[in-house]
Every structure is written in C-alpha cells, then in structure tokens.
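Trainee: I have a new structure open and would like to learn how to read it feature by feature. Could we begin with how its elements are named?

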Amino acid sequence: MKLARIGMIAAAILAAATVAYAQKPDFSGTWTLDPASAAGGRGGGVLGNGPATIKQTADALTIERTIDDAKLSVTFKLDGTDSRNMIMAPSGQLADSLSTVKFDGPKLTIATKQEIDGQMTESTQVWTVSGSTLTVESTNARGTQKQVYKKSS
C-alpha cells in the first residue's frame, strides 16, 4: 500500500514536471529595441526598432507595429504550417513572405523566404525571452546579428 502511494506521488511529480517543461514561452507584450544592441540603426526583422506589440495565443503569434504613419501587422501560425505575410524588406518596401514557426524548448524559430527585387532570400530568427528581455538572433545572407528588446508592458 505504501509502495503504491509512493509510486502515485512520483508519477504525479513527473507529470507536473513534464507539463511545466513542455509549456511554450509567452512573448506577449510591447517590446522596444535596446539601442545598445542596434546593428547599424536597424532592428531585427519583423520587430524592427519597436515598439512592437506581440499578442500570442495557443494558435498564433501576431506582431503589430507602426512604421512612419503605416500600421504593419503580421501573424504567424504556431502549428508548424506556413504563414504568408507582407514583411518590410531591407529596402524599405513591403515584400511577400512565407514563414514557418517552430518551438524548440524555450526558443522560437521563424524561418522566412521572400522575394525581394526578383531574388529569393531566406532568413531565420531565433527568439528567446527571459523576464523582461527578448533576444532575437537574425541570420540571413549578410550574416548574423543579435538584437535585445526590453518589455514595456
């Protein structure tokens, strides 16, 4: 009887630990680029220089920001299927893009393909969040850069 009770307690602890580990990080909030991490004055991909507001649900990650007077909103599906969005290209023009998002433990990876000026480009962003700090490591044909964002709400 005592052994069965210990086994049930151990199973409950294991189940709770498994659920806690499997939980995805929540990137929700309003994020602004830390100027010290800005590479050449440009922000990292879909977050830009911020502020950018992220809304995360079980199914999607939506990012809203304003560039000049234009509001830009992109939504990424979190089920591993492709998401189509208009994303700001380095030239400042909007470009049609196809992205896939996946979680790897505490990291979120956004792999994007888009055509810019007749050329197909690929980029990857890896997001990690710790408290009120969001780190985005962006890799494309020009190399890798890391930006740090601070949460304001």
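Mentor: Strands are DSSP runs of at least two residues in state E, and they are numbered from the N terminus. Under that rule, Asp104 lies in strand E6. Please keep in mind throughout that this is a predicted model.

Trainee: Which elements make up the secondary structure of the chain?

Mentor: The chain has one helix and 10 strands, and reading from the N terminus the elements follow the order α-β-β-β-β-β-β-β-β-β-β.

Trainee: What share of the chain is buried, and how is the accessible surface divided?

Mentor: A residue is called buried when its relative accessible area is under 20%. Of the 153 residues in the chain, 31% are buried, while the accessible surface comes to about 9,400 Å², with 56% of that area belonging to carbon and sulfur atoms. Contacts can be read in a similar way: among those in the chain with a separation of 6 or more, 31% are between residues 24 or more positions apart.

Trainee: Let us return to E6. Which residues form its covered face and which its uncovered one?

Mentor: In strand E6, which spans residues 94-104, the covered face consists of Ala95, Ser97, Ser99, Val101 and Phe103, whereas the uncovered face consists of Leu94, Asp96, Leu98, Thr100, Lys102 and Asp104.

Trainee: Is Asp104 buried or exposed, and what does its position in space tell me?

Mentor: Asp104 counts as exposed because its relative accessibility is 53%, and the cut-off for that word is over 50%. As for its position, Asp104 and Lys24 are 80 residues apart in sequence, yet their C-alpha atoms are 8.9 Å apart in space.

Trainee: Why does Ser97, on the other face, count as buried?

Mentor: Ser97 has a relative accessibility of 1%, and therefore it counts as buried. Leaving out neighbours within four places in sequence, Ser97 is in contact with Ser83, Arg84, Asn85, Ile87, Thr112, Lys113 and Gln114.

Trainee: Which strands pair with E6, and in what sense?

Mentor: To read a pairing, look for bridges, since two strands are said to pair if DSSP finds at least two of them between the strands. Strand E5, residues 83-88, pairs with E6 in the antiparallel sense over six bridges, and strand E7, residues 107-116, is joined to E6 by eight bridges and also runs antiparallel to it. Ser97 shows both pairings, as Asn85 stands opposite Ser97, and Gln114 is the bridge partner of Ser97 in E7.

Trainee: What joins E6 to E7?

Mentor: The two strands form a hairpin with two residues between them, and in that turn Gly105 has a positive phi of about 60°.

Trainee: Can I read E1 by the same steps, and which strands does E1 pair with?

Mentor: You can begin again with cover: in strand E1, residues 29-33, four of the five residues are buried. Three bridges join E1 to strand E2, residues 52-56, in an antiparallel arrangement, with Thr30 standing opposite Thr53 in E2. E1 also pairs in the antiparallel sense with strand E10, residues 143-151, over three bridges, and there the bridge partner of Thr32 is Lys150.

Trainee: Where does Gly50 lie, and which residues does Gly50 touch?

Mentor: Gly50 lies in the loop between E1 and E2 and, at 27% relative accessibility, counts as partly exposed. If residues up to four places away in sequence are not counted, Gly50 touches Trp31 and Thr32. The C-alpha atoms of Gly50 and Tyr149 are separated by 8.3 Å, although these residues are 99 residues apart along the chain.

Trainee: How does one find empty space inside a model, and how many cavities of 30 Å³ or more does this structure hold?

Mentor: Rolling a probe the size of a water molecule over the atoms shows where empty space is left. This structure holds one cavity of 30 Å³ or more, and about 30 Å³ of space lies in the largest cavity.

Trainee: Which residues line the largest cavity, and which strand supplies the largest share of the lining?

Mentor: The lining of the largest cavity consists of Val46, Ile63, Glu64, Arg65, Leu72 and Val74, of which four are nonpolar, none polar and two charged. Strand E3 (60-67) and strand E4 (70-77) each supply at least two of the lining residues, and the largest share, three residues, comes from E3.

Note on methods. Residues numbered from 1 in each chain as written. Predicted model: local features only at pLDDT ≥ 70, side-chain atom pairs only at ≥ 80, totals over all residues. Heavy atoms only, no water. 1 Å grid on protein atoms, 1.4 Å probe; cavity = no way out; pocket = protein on both sides within 12 Å on 5 of 7 lines; lining within 4 Å. Points joined across faces, edges and corners; volume = space filled by probe spheres on them. Nonpolar A, V, L, I, M, F, W, Y, C, P; charged D, E, K, R; others polar. Buried < 20%, exposed > 50% of the residue type's maximum accessible area, 1.4 Å probe, protein only. Contact = heavy atoms within 4.5 Å. Areas by Shrake-Rupley, 256 points an atom, 1.4 Å probe, with all protein chains shown as cover.
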